[in-house]
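User: Hi! Could you walk me through this structure and its ligand site?
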Amino acid sequence: MKILVAIKRVIDANVKVRVKPDNSGVETANVKMSMNPFCEIAVEEAVRLKEKGIASEVVAVSIGNQQCQETLRTALALGVDKAILVKTDDQLEPLAVSKVLKKIVEQEGPEMVLLGKQSIDGDNNQTGQMLGALLGWGQGTFASEVEVEDGKTKVTREIDGGLQTIELKLPAVVTTDLRLNEPRFASLPNIMKAKRKPLDEIALADLGVDTANRTETLSVENPPERSEGIKVETVAELVDKLKNEAKVI
Ligand code: AMP
């Protein structure tokens with residue numbers, strides 16, 4: 001079984017994001033970028049399925065600028081066999097990303113596509129679902145457990161108030177939740193080996209996909225500053241403030 005993993009390069013989760021002075025977006029110049037954390041979990045799951053002898057090949061794909069090569073090399077160092085960079089300097093929306101991924105699925109012929117449930121920059125949580133719909137494949141979203149047997153996959157999903165287990169016929173789309181696994185770190189020998197693994201580049205324009213944006217960002221703003229807290233002396237004072245100042249009780 002071949003697995004395709006979609007990985008996005010995003011601002012590192014530990015960076016304090018700054019809004020651009022003109023409110024058109026967030027600063028990305030000279031900011032540390034990393035693999036989206038949910039995509040790291042997707043890579044780890046694919047590599048584990050390969051180590052169990054269930055997957056025969058793991059291919060990673062990223063759609064973005066030239067620097068995404070670095071993120072793909074990280075995936076190769078973590079155990080991915082081959083990487084594909086679909087090169088564009090544009091920021092694509094989830095619909096466009098899923099259309100591009102569909103093209104790559106048609107070229108590569110995987111039986112499973114693993115994606116993160118969400119990219120931590122756009123917080124969209126749309127790409128996996130849209131890709132499943134475009135391909136006409138079943139989808140197991142927010143996976144906290146994935147099993148593969150006899151041409152089927154059993155996906156345990158994290159849903160409000162509990163877990164749901166579903167069975168899907170392969171090929172299928174699976175998106176990863178936080179508790180699916182704990183991603184490994186790349187070892188130095190594997191980082192060296194990754195330099196010799198194949199990394200193909202495709203220009204976005206060569207895929208012939210309509211990637212025009214359907215939405216326009218009007219403004220990006222910081223959340224309002226939190227005002228300083230106060231200490232109250234008695235419970236009666238607290239109740240009074242909650243009732244008459246905050247007006248929450
Ligand atoms: P989103 O729908 O933007 O929250 O992203 C969900 C998942 O779709 C991510 O975790 C990735 O697996 C995949 N994805 C989104 N954007 C890209 C991209 N530019 N390149 C590759 N994969 C992507």
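User: Which residues does UniProt list for the domain?

Analyst: An unreviewed UniProt entry lists residues 23–211 as "domain: Electron transfer flavoprotein alpha/beta-subunit N-terminal"; positions follow the numbering used here, feature names are shortened, and annotations may be inferred rather than shown by experiment. Bear in mind that this is a predicted model, where local features need pLDDT of at least 70, side-chain atom pairs count only at pLDDT 80 or more, and totals for chains, interfaces and linings use all residues. Residues are numbered from 1 along each chain as its sequence is written, and side-chain values use heavy atoms, with hydrogens and water left out.

User: Thanks! How many residues surround the ligand?

Analyst: There are 17, and the closest are Ala6, Ile63, Ser119, Asn125 and Thr127. To count, a residue needs a heavy atom within 4 Å of the ligand.

User: Which strand gives the most to that shell?

Analyst: That's E4, with three residues. Strand E4 (57–64) and strand E6 (112–116) each supply at least two; strands here are DSSP runs of at least two residues, numbered from the N terminus.

User: And which polar atoms lie by the ligand's oxygen atoms?

Analyst: A polar side-chain atom of asparagine 124 is 2.9 Å from a ligand oxygen. Polar backbone atoms also take part: glycine 116 has one 3.0 Å from a ligand oxygen, and glutamine 126 has one at 2.9 Å. Polar contacts here are pairs of N or O atoms within 3.5 Å.

User: Nice. How much of the ligand's area does the protein cover?

Analyst: The protein covers 97% of the 480 Å² of accessible area the ligand has on its own, by the Shrake-Rupley method with a 1.4 Å probe.

Notes
A polar contact is a pair of N or O atoms within 3.5 Å; within protein, one must be able to donate a hydrogen and the other to accept it, and residues adjacent in sequence count only if both atoms are side-chain atoms. Helices (H or I, at least four residues) and strands (E, at least two) are DSSP runs, numbered from the N terminus.
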